[in-house]
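Please open the model in your viewer, with the sequence panel beside it, and make each selection in turn as the tour proceeds.

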Amino acid sequence: MGLSVAPVWGPPGLLLTMALCPALTLHPAEARAPAPRDYCVLGAGPAGLQMAYFLQRAARDYVVFERASGPGSFFTRYPRHRKLISINKRYTGRTNAEFNLRHDWNSLLSHDPRLLFRRYSRAYFPDAGDMVRYLGDFAGRLGLRVRYNTTIAHVTLDKDRRAWNGHYFILTDQKGQEYRCSVLLVATGLSVPNLVDFPGSEYVEGYESVSVDPEDFVGQNVLILGRGNSAFETAENILGVTNFVHMLSRSRVRLSWATHYVGDLRAVNNGLLDTYQLKSLDGLLESDLADLAVVKDPKGKLHITLKFYLEESNQSAEAIPLPQDDSDNFAMRVAYDRVIRCLGWKFDFSIFNKSLRLSSGSEFSKKYPLVRPSYESKGSRGLFVLGTASHSVDYRKSAGGFIHGFRYTVRAVHRLLEHRHHGVAWPATEHPITQLTSCVLRRVNEASGLYQMFSVLADVVLLKENGTAFEYLEEFPMQMLAQLEAVTGRQARHGLFVINMEYGRNFSGPDKDVFFYDRSVGYTEDAWQSNFLHPVIYYYRHLPTEQEVRFRPADWPLPRPAAIHHILEDFLTDWTAPVSHILPLRRFLENCLGTDLRSFYAESCFLFALTRQKLPPFCQQGYLRMQGLVGTGSLRQHRVESGLLRDYAAAGKRREDSGQWPGLREPVDQPEAPGPLDQPLNSNKEEL
């Protein structure tokens, strides 16, 4: 029996079946998985929307995932009593937009002047609802790409050489839909309430669910666990209707005006401090919450005891020993009607697979993910943490956990990503060296990012060869200074300056009086002892190494420089005083550069050309622009005396043409009137 051989191509239906076969055998989720994205952003709160704005302006491939039906869902519930503690200062007496952002703690960065928070609220401490409305408009007007009602339930890694960082991040939503992205930007904030596990903790109400109606607390004894703004906010709401409010925490109260940390207790919430210190029944107590226990009696009253009393007793609640049995003046011997937990929040690690290694398990890293100074996860390349959850970089130091701080750290992260993945160098402007003093002064007097992210973000001046020009980079993460060339695409081969804002090292802390007599420094020679926020300029001949940054002196934000200059603190934060601020700064820069940064009249430049081997940069640049000197009587006399010009007047052959002498060109730029700038370098007169 002969074998029949089928045609090579076969029937068309067979071809179609063969082509579809691989697709039909794929896992259903894999078959419908969309193409990988370059960037995925988790959370449409302020940090997520801020990053989305920068990605959209750069025309990048991105998507934002938000579990709620609109942006800013955190602010739909919190703070519970609806008053924000981020100030909305609508008037500063200035028209400079950058300066005004120093005192606007709610606006995000954008090119649209309509998207300033002062247009959404007139209140100094706005209502949280205004923030929700503002964020909705920010996302809507700018057309940001947000997928609402999408809850990312799980995040893991999938190694793939095609991905930028050697792996894709796999995001799975509540419906099982998978999304892939090369870079994951986590902006979910802190959303999990901090809990303390002790006997009787089931009787404790949480800040997230306790009533906000004061009428529910009339005539009650209330104990609040915690000592942050949420605890004091809760107390402030019920002070007028309760019998008394006691507040218990293991740490002392920390006042923001004493610590200079915006996350500590703000004055707007501290009414309980008045009633406590003015003997009006309310009070503060210190104890470790883990040592306590709460016992509920048959009448529903809550008694505070110690955990070891319960461990030693197997009796009923009525017979459990209480501290007052041993000490009849025990501070919490009166029973409470309610105990409220206000212990703050922590990051939600539950959706992240262990392969991402977001937390090391230490006490601090249980609150915040572990990130580098670049805000990239220490465990997974390509995973960046933004916004409030990134506060571990500057916890209790600067404003990185709040909108007026993290709007700038988000921009820094975006600039790092632009260079890493798209070859776009960190933005910089180039100027002649003669403009160095004015550039530094402009930034320290206007810049909001430097002002709010003090000791975290700094401006960097990169000197060009021969010191004739410089590049100016704004708001670079200070702790990444050793990596500057690798992460910015800029060269630092000829020295650099770092411009930073700092508080004095002895200005605040436990048991220190921040209102002490003579707390301010008023003399230029004492500027290094300035206590209040002030500019500090570091000069390095070479870029510091990683080792130098890591092992820098204690309490120094940077390694020890070749030279350092403190600009004298100023009550008005206005560093433009000619003698106190500008002159010392200019002389510091000149000493570092070994040159004269002043501007001169053309006549002085001519004299320097005759008497000095090296001209000041201002004079050099004038000649390079093919600009000559203005003809004046004294200049003509100099030329005659030097033998460069015949004395035609003496010979009776002087010929005056159009007010300029033969061979002289148009003048270099001059001040409108002569002044102290037109003096030789060796003058004994104080000069600006």
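Begin by selecting helix α12, where L436, T437, C439, V440, L441, R443, V444 and N445 are buried, buried meaning under 20% relative accessible area, with exposed being over 50% and partly exposed in between (1.4 Å probe, protein chains only). Because eight of the 11 residues of α12 (residues 436-446) are buried, this helix is largely enclosed by the rest of the structure. Helices here are DSSP runs (H or I, at least four residues), and strands likewise (E, at least two), numbered from the N terminus.

A word on the source: this is a predicted model, in which local features need pLDDT of at least 70 and side-chain atom pairs count only at pLDDT 80 or more, whereas totals for chains, interfaces and linings use all residues. Residues are numbered from 1 along each chain as its sequence is written, and side-chain values use heavy atoms, with hydrogens and water left out.

Select next S448, which lies in helix α13 (residues 448-452) and is buried, with a relative accessible area of 0%. Show the side chains of S448 and Y408, which make a polar contact at 2.6 Å; a polar contact is a pair of N or O atoms within 3.5 Å, where, within protein, one must be able to donate a hydrogen and the other to accept it, and residues adjacent in sequence count only if both atoms are side-chain atoms. Leaving aside neighbours within four places in sequence, S448 is in contact (heavy atoms within 4.5 Å) with E98, L101, R102, R407 and Y408.

Move now to helix α6 (residues 229-238), which is largely enclosed by the rest of the structure, because eight of its 10 residues are buried. To colour them, pick N229, S230, A231, F232, E233, T234, A235 and I238. Displaying β9 (221-225), β10 (244-249), α8 (271-277), β11 (283-286) and β14 (338-341) then brings up the elements against which the buried residues of α6 pack.

For the nonpolar interior, select L42, V155, L171, L184 and F352, the residues with the most contacts inside the largest nonpolar core, which has 46 residues; such a core is a set of buried Ala, Val, Leu, Ile, Met, Phe, Trp, Tyr and Cys residues joined through side-chain atoms within 4.5 Å. Domain 1 (37-190 + 347-413) and domain 2 (201-343) both give residues to this core, so it lies between them, the bounds coming from an automatic or database domain assignment. Centre on V155, which touches L42, I170, L171, L184, I351, F352, N353 and L356, not counting residues up to four places away in sequence. A second, separate core of 45 residues includes A44, L49, M131 and Y408, the last of these being the residue whose side chain makes the polar contact with S448.

Where, finally, does a disulfide join two cysteines? Select C605 and C619, which are joined S to S at 2.0 Å, a disulfide being a pair of cysteine sulfur atoms within 2.5 Å; a search of the whole structure finds one. The pair links distant parts of the chain, 14 residues apart, with C605 in helix α17 (residues 602-611) and C619 in helix α18 (residues 617-624). The torsion about the S-S bond is about -75°, so the disulfide is left-handed. Both ends are buried, C605 with a relative accessible area of 4% and C619 with 2%. Compare C181, whose sulfur is 3.0 Å from the closest cysteine sulfur, in C40, too far for a bond.
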